[in-house]
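Trainee: Mind walking me through the charged pairs and the greasy surface on this one?
Mentor: Sure, let's pull it up.

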Amino acid sequence: MFWLITGLSAIAIIVGFSAFTGAPYLPSHRRDVARAFDELYPLSSSDVLLDIGSGDGVVLRQASKRGARAIGYEIHPLLVLISRWLSRGDSRVSVRLANFWRTDLPSDTTVVYLFGDSRDINRMVIYLQQQASRMGHSFKLISYGFQASGCEKIKSAGAHTLYRINPLHK
């Protein structure tokens, strides 16, 4: 009984922490991510994908499988450990314990994968446009489950949509 209560408490803390600090943890389905990469933006070895809120790393591993370098930013320490363990041995995958609001995107980023919730979408888009301005180049955004207003929409596949994020005009 002690272990059951401890386990349920740990799950409640994980979900509560994630929901309070950003979008709640909802695992991505490998086949949905694969479809998005196959139909929206076929990744190659020249791509650097950044997954904001990378959770257990499914998106990272699917990107790596297609030859891209994949970087995950995750704010929850337990999910970082799980993702690192599941991605062990894959030199193209790295997972960072980071709050993306306080971290610059790598300057060679070509694609950002993002699941968000309605309360933060506009703020996320502005942040990404600021990052594009800092980097001096556009990049692609693959969103899962939301529409990013103010961005150039390219196409959709299921719940995923591909956008171009351009630098802000000065």
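**Salt bridges and a surface patch**

Mentor: To start us off, D38 and R66 join their side chains in a salt bridge, at 3.3 Å from N to O. Keep in mind that this is a predicted model.

Trainee: How many residues apart are D38 and R66?
Mentor: D38 belongs to helix α2, while R66 is in the loop between α3 (58–65) and β2 (69–74). The pair therefore links distant parts of the chain, and the separation is 28 residues.

Trainee: Which residue does E39 pair with in a salt bridge?
Mentor: Look in helix α2 (residues 30–39), 4 residues away from E39, about one helical turn. E39 is partly exposed at 41% relative accessibility, and its partner is partly exposed too, at 39%. The closest N and O atoms are 3.2 Å apart, and the partner is R35.

Trainee: Which strands does the salt bridge between E152 and R164 tie together?
Mentor: Their side chains meet at 3.3 Å, N to O. E152 is partly exposed at 39%, and R164 is partly exposed at 27%. The two residues are 12 apart in sequence, E152 in residues 152–157 and R164 in residues 160–165, so the pair ties together strands β6 and β7.

Trainee: How many salt bridges turn up in the whole structure?
Mentor: The pairs we went through include D38 with R66 and E39 with R35. Searching the whole structure gives a total of 5.

Trainee: Is W85 buried or exposed?
Mentor: W85 sits in helix α4 (residues 77–86) and joins L78, L81, I82 and L86 in a nonpolar surface patch of about 470 Å² accessible area together. Its own relative accessible area is 52%, and the cut-off is over 50%, so W85 is exposed.

Methods: Residues numbered from 1 in each chain as written. Predicted model: local features only at pLDDT ≥ 70, side-chain atom pairs only at ≥ 80, totals over all residues. Heavy atoms only, no water. Patch = residues over 30% accessible without salt bridge, like charges linked within 9 Å, V, L, I, M, F, W, Y side chains within 5 Å. Areas by Shrake-Rupley, 256 points an atom, 1.4 Å probe, with all protein chains shown as cover. Salt bridge = Lys/Arg side-chain N within 4 Å of Asp/Glu carboxyl O. Buried < 20%, exposed > 50% of the residue type's maximum accessible area, 1.4 Å probe, protein only.
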